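Student: Hi, I have a new model open and I'd like a quick tour. Can we start with the metal?
Tutor: Sure, let's have a look.

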Amino acid sequence: RAKMQQRAGHFYFSRSMGIEIRERVRMMHALRTGFSQGQLFVVYQPQIDLTTRRPVGAEALLRWQTPDGKFISPDRFIPIAEYSGIIIELGEWVLRTACRELVQLREQGHRNFVMSINVSQVQFRHPLFLDMLRAALEETQAPPEFIELEITESMAMEEPDLLIKMLWQIKQTGVSIAIDDFGTGFSSLSYLQRLQVDRLKIDRAFVTEITGSARGSSIAEMVIQLGRNLGLSVIAEGVEDERQAQILQALGCPLAQGFLFARPMTAAALGNWLNNETVAGAA
Ligand code: C2E
Ligand code: MG
Ligand code: MG
Ligand code: MG
């Protein structure tokens with residue numbers, strides 16, 4: 001006890017950690033219950049061709065609404081889902097849900113639409129990940145060439161050899177790979193070249209910067225250039241205003257996603273939105 005008081009800083013640190021852990025455990029139980037009670041659902045945010053301004057695909061994003069009506073951000077609950085392992089089950093459910101939704105959209109005539117699905121590093125490292133992916137594709141009958149998996153750049157920085165092997169195996173199923181939040185890490189050109197990736201997603205932070213200072217566009221510009229040099233597709237995330245869209249287009253960025261074009265929406269709303277977009281585009 002005396003020793004603890006002597007190291008007051010240490011004591012307080014431990015105590016706040018205790019509260020943090022208790023909060024995490026509480027949320028973990030709530031998440032497990034919430035998932036089994038259908039409180040989680042998937043929304044879809046359209047991705048746009050910057051030249052034609054037409055939708056080319058959507059990103060599936062997880063939502064959690066508790067019975068009191070409050071939304072808990074995935075930035076808060078995904079880490080808990082990862083920490084507790086629930087992400088394995090949850091991630092599989094998101095994948096299957098998004099695959100089924102893609103099949104439905106195709107039946108409604110949206111046949112070139114690509115579905116992008118986030119994959120956590122915990123899921124990715126699971127020994128049965130590939131089996132899970134193959135089973136989900138087969139059972140939902142989703143065409144792999146219209147499915148894209150998003151992995152984060154931080155994931156790409158660890159264990160290069162393992163990652164290269166995994167990506168190669170994933171590519172064998174026919175799905176493509178995007179690196180999410182790109183630009184935040186320091187992936188080298190030579191390393192990127194060895195990875196079987198198809199697309200780079202420019203992190204929202206660098207999209208926000210482009211309308212700021214004169215040098216604000218340098219990272220976005222670098223990623224677009226990198227994509228061009230490596231023959232990879234590039235998409236800008238978090239495009240909120242027309243100026244950003246125009247600068248990105250001028251820099252040669254082919255694709256974009258953000259509130260300017262559409263917010264994430266339910267599957268039913270996406271179906272309607274796409275039908276309206278198609279009508280508007282054809283008129
Ligand atoms: P992310 O994969 O980088 O997803 C993009 C995030 O940016 C989404 O936040 C999206 O709603 C938001 N966003 C899109 N356009 C704009 C914009 O114009 N302005 C602003 N301010 N934000 C925009 P969300 O849905 O809250 O998701 C946050 C993160 O949680 C995701 O970042 C992803 O890392 C993770 N996440 C979401 N769903 C899943 C999932 O099913 N599985 C896994 N493993 N992670 C997920
Ligand atoms: Mg993403
Ligand atoms: Mg992102
Ligand atoms: Mg993110």
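Student: What coordinates the magnesium ion (ligand 3)?
Tutor: This is a predicted model, to start with. In it, Asp180 (OD), Asp181 (OD) and Glu237 coordinate the magnesium ion (ligand 3). Glu237 is listed twice, each time through OE. The distances run from 2.1 to 2.4 Å.

Student: How are those donor residues spaced in sequence?
Tutor: The pattern is D-D-x55-E. Asp181 sits in strand E6 (residues 176–182). Glu237 is in the loop between strand E8 (233–236) and helix H12 (242–250). Those two are 56 residues apart, so the pair links distant parts of the chain.

Student: Are Asp181 and Glu237 buried or exposed?
Tutor: Asp181 counts as partly exposed, because its relative accessibility is 27%. Glu237 is at 12%, so it counts as buried. The cut-off for buried is under 20%.

Student: How far apart are ligand 3 and the magnesium ion (ligand 2)?
Tutor: They are 4.1 Å apart. Asp180 coordinates both.

Student: New topic: strands. Why is strand E5 (residues 147–152) described as largely enclosed?
Tutor: Because five of its six residues are buried.

Student: Which way do E4 and E5 run, parallel or antiparallel?
Tutor: Parallel, with four bridges joining strand E4 (residues 114–118) to E5. Met115 stands opposite Ile147 in E5.

Student: And how many bridges join E5 to E6?
Tutor: Five, and that pair runs parallel. Take Leu149: its bridge partner in E6 is Ile177.

Student: Now pockets. What volume does the largest pocket have?
Tutor: About 1,100 Å³. Its lining has 39 residues. Glu59, Leu61, Pro74, Asp75 and Asn118 lie nearest its centre.

Student: Which elements give two or more residues to that lining?
Tutor: Strands E2 (55–65) and E3 (71–72) are among them, along with E5 and E6. Helices contribute too, including H3 (74–84) and H4 (86–107).

Student: What classes of residue line the largest pocket?
Tutor: There are 16 nonpolar, 12 polar and 11 charged residues.

Student: What about the second largest pocket, what is its volume?
Tutor: About 190 Å³. Its lining includes Arg54, Pro55, His110, Phe113 and Leu274. E2 and helix H13 (267–282) each supply at least two lining residues.

Student: How do its lining residues divide by class?
Tutor: Four are nonpolar, four are polar and two are charged.

Note on methods
Residues are numbered from 1 along each chain as its sequence is written. Chains are lettered from A and ligands numbered from 1 in the order in which they are written. This is a predicted model: local features need pLDDT of at least 70, side-chain atom pairs count only at pLDDT 80 or more; totals for chains, interfaces and linings use all residues. Side-chain values use heavy atoms; hydrogens and water are left out. Donors are N, O and S atoms within 2.8 Å of the metal (3.2 Å for Na, K and Ca); water is not among the atoms, so sites may look incomplete. Buried means under 20% relative accessible area, exposed over 50%, partly exposed in between (1.4 Å probe, protein chains only). Two strands pair if DSSP finds at least two bridges between them. On a 1 Å grid over the protein atoms alone, a cavity is a set of points where a 1.4 Å probe fits but cannot get out, and a pocket is an open set with protein on both sides within 12 Å along at least five of seven lines; lining residues have an atom within 4 Å of a point. Grid points are joined across faces, edges and corners, and a volume is the space filled by probe spheres set on the points. Ala, Val, Leu, Ile, Met, Phe, Trp, Tyr, Cys and Pro count as nonpolar, Asp, Glu, Lys and Arg as charged, and the others, Gly among them, as polar.
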